[in-house]
Amino acid sequence: MVLKIEALRSGHHVRSQFSCGKASLDHYIQRQASQDLKRRVATVLVLIDEPDLNILAYYTLSSYTVNITSLDDNFAKRLPHYPSVPATLLGRLAVDAQQKRKGFGEIMLIDTLKKSLEVSTQVASLAVIVEALDEEAVSFYLNYGFQKFKDNNLNLYLPMASIQQLS
């Protein structure tokens, strides 16, 4: 079997069995993800173990804008004085409960960061933004260098320059 990250395909990947223990994340992949794809409001990528089509983990990416006053002052002072700047939103990242502690969360996060950096050369993006669901998620992202927004402790960002240094 081979781990593979690919775009979600409705009717192809098995979503009904996915359960990470967070109702909103389970509901999203089972019921809403296909609609977001059709409406082009999010890209959904899934981790499978080929040839099995059950989703082991998933994440979503979309375009986003950030109010510059929400960012750390040291970071913001180096930016143009626009009211908002472009970013990439990592809207959701979830790992099936049966797959926890296998490193799949890290695999998906690293894939997210690589894809975001690559695309930022074609569509400007200052940082990857995360709107964490809870403090457990905040801790996960802080371990990878994300910084908290000044005005919301559940929102975090990782500048593209930092991502580029990781590559």
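**Sheet and helix arrangement in the predicted model**

The protein chain averages a pLDDT (the predictor's confidence in each residue, from 0 to 100) of 94, and 99% of the residues score at least 70. The structure is a predicted model, in which local features need pLDDT of at least 70 and side-chain atom pairs count only at pLDDT 80 or more, whereas totals for chains, interfaces and linings use all residues. Residues are numbered from 1 along each chain as its sequence is written, and side-chain values use heavy atoms, with hydrogens and water left out.

Helices (H or I, at least four residues) and strands (E, at least two) are DSSP runs numbered from the N terminus. Seven strands form an open sheet of mixed pairing (at least two DSSP bridges between two strands) in the order S1-S2-S3-S4-S5-S7-S6. Strands S1 (2-7) and S6 (147-148) are the edges, each pairing on one side only. S6 runs antiparallel to S7 (residues 155-159), to which two bridges join it; Lys148 has Leu156 in S7 as its bridge partner.

Helix H1 (residues 23-39) packs on the sheet, touching (heavy atoms within 4.5 Å) S2 (43-50), S3 (57-67) and S4 (84-95), and its direction makes about 120° with that of S2. Angles run from 0 to 180 degrees between N-to-C directions, with axes fitted to C-alpha atoms, for helices over the stretch in contact. Helix H4 (residues 135-142) lies across S4, S5 (127-131), S6 and S7, at about 15° to S7.

Confidence is lowest in helix H2 (residues 73-76), at a mean of 86, and highest in helix H3 (residues 104-119), at 97. Buried residues (under 20% relative accessible area, 1.4 Å probe, protein chains only) of H3 include Phe104, Met108, Asp111 and Leu117.

Note on methods:
Buried < 20%, exposed > 50% of the residue type's maximum accessible area, 1.4 Å probe, protein only.
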